[in-house]
Amino acid sequence: MTGRIIILLAGLGIAAPAIAQQAAQAGGQKPMQIVHAAVLRVDVPELPPISRLDTPPADLGFAGARLAIEDNDTTGRFMGQDFEAAEIAATPETAAAEMDKLLSQGVTFIVTLADEDQTLKLSDQVGDRATLLNARARGDRLRGKDCRANVIHTAPSHAMLADGLAQFLMWKKWSDWFLISGSHPEDIALADAYRRAAKKFGAKIVEERTYEDTGGGRRTDSGYVQVQQQMPVFTQRAADHQIVIAADEAGVFAPWLPYQTWDPRPVAGSAGLVPRSWHPALEAWGATQFQNRFEKLATRRMWDEDYQTWLALRMIGEAATRTQSTDPVKLKEFMLSDKFEVAGFKGQKLTMRDWDHQLRQPILLTTGDVTSSVSPQDQYLHQSSALDTLGIDRPETECKF
């Protein structure tokens, strides 16, 4: 059985042709096994970000997929395997129809770039007809009470990101936190992850406040003049703290916090020192060469979504190479087994958690220009993998497939 792999991304809507197969037949060569791929990105209309520098590129995620296909083909063609990826756009209104098209074509692996609710809807829609690889949604509930056996997560969870930051802050002995969260559901979920991390690593949240999103143009309604007056007032008279933690998944207020708080304190979380899956300034562990290849291909820097999409496709390519198969059942079984590992340019092999299908990976702690540290921190040990100090460990999981 030959597997077909589709990753959902915005834009082209291309059904991958069997060009390599036709060329091989024409030349009298043995036909290659072609692994078809596509990327579906579900874009949600939203206000522009506070900073125009944070405007997502049009090929967000797509570019990561293109690099992954090049990387897969480098090894795959020696194994008689050829990888192709189509790029498909969707909106929340059209996502289900696009998914139906893919399922009707027999696609068995689908990499999705969607929010939590949309990812959950798509996973329930496909059932046992396909496996999703979640390259965007970070909510812990997708790895917990709302986990699905047909979903693999290459995006790190809120818990992994919060734990990675918490470990560093405890190493710094900055244990008194002032937590400011947004009013959107995703902000509340991220704040929950920071509360859990504080309890897990012995930090103390000395005070919490909520920044209510009242709408508006973000830039025009919250210009520097207003912010310079409003943020100090909003943060004044807080309990004594060593650092401000911002939980602003919706991107409403956090970038305005650094240098604007009432007390002179550092900011971390959604601004300042930010935990990420990837950072374009990382140079260690071969990342410089990886960054250069991406920038040559895309003529821009790599975003988290590009990296997470690249990882999803590389997982499939690695499984196909190691098993010498394109059978989707064999590929999924291998990816979820204790024999699977994939290189991610972050200092160690990345492996899979069988209890919630989350890809283990280090968390980069970054500022605008540099990677300041990488978690897990050395002092946090684990009986099986130090990476399992980040996020929900086996004894804690609420996931029941």
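This briefing covers a three-stranded sheet, the helix across it, and a group of aromatic contacts. The model is predicted, so local features need pLDDT of at least 70 and side-chain atom pairs count only at pLDDT 80 or more, while totals for chains, interfaces and linings use all residues. Residues are numbered from 1 along each chain as its sequence is written, and side-chain values use heavy atoms, with hydrogens and water left out.

**Sheet**

- The open sheet has 3 strands in the order β11-β12-β13, with antiparallel pairing; strands (E, at least two residues) and helices (H or I, at least four) are DSSP runs numbered from the N terminus, and two strands pair if DSSP finds at least two bridges between them.
- β11 (274-276) and β13 are the edge strands, each with a single partner, so one side of each has no neighbour in the sheet.
- On average, neighbouring strands of this sheet are turned by 30 degrees against each other, direction ignored; axes are lines fitted to C-alpha atoms, for helices over the stretch in contact, and angles run from 0 to 180 degrees between N-to-C directions.
- Strand β12 (residues 363-366) pairs with β13 (residues 371-375) over 4 bridges in the antiparallel sense.
- A hairpin of 4 residues joins β12 to β13.
- Across this pairing, I363 stands opposite S375 in β13, and L364 stands opposite V374 in β13.
- In a regular strand, side chains alternate between the two faces of the sheet.

**Helix across the sheet**

- Helix α5 (residues 158-171) lies across β11, β12 and β13 and runs at about 60 degrees to β12; contact means heavy atoms within 4.5 Å.

**Aromatic contacts**

- The structure holds 12 aromatic pairs; rings of Phe, Tyr and Trp (its six-membered ring) pair if their centres lie within 6.5 Å, and planes under 30 degrees apart count as stacked, over 60 as edge-to-face and the rest as tilted.
- W278 and F290 form an edge-to-face pair, at 5.4 Å centre to centre with 90 degrees between the planes.
- W278 lies in the loop between β11 and α8 (287-298) and F290 in helix α8, so this pair ties together parts that are 12 residues apart in sequence.
- F290 also forms a stacked pair with F345, at 4.5 Å centre to centre with 15 degrees between the planes.
- F345 lies in the loop between α10 (328-335) and β12, so its pair with F290 in helix α8 ties together parts that are 55 residues apart in sequence.
- Ring pairs link W278, F290, Y307, W310 and F345 into a cluster.

**Burial**

- W278 and F290 are both buried, meaning under 20% relative accessible area, with exposed over 50% and partly exposed in between (1.4 Å probe, protein chains only).
- The relative accessible area of F290 is 0%.
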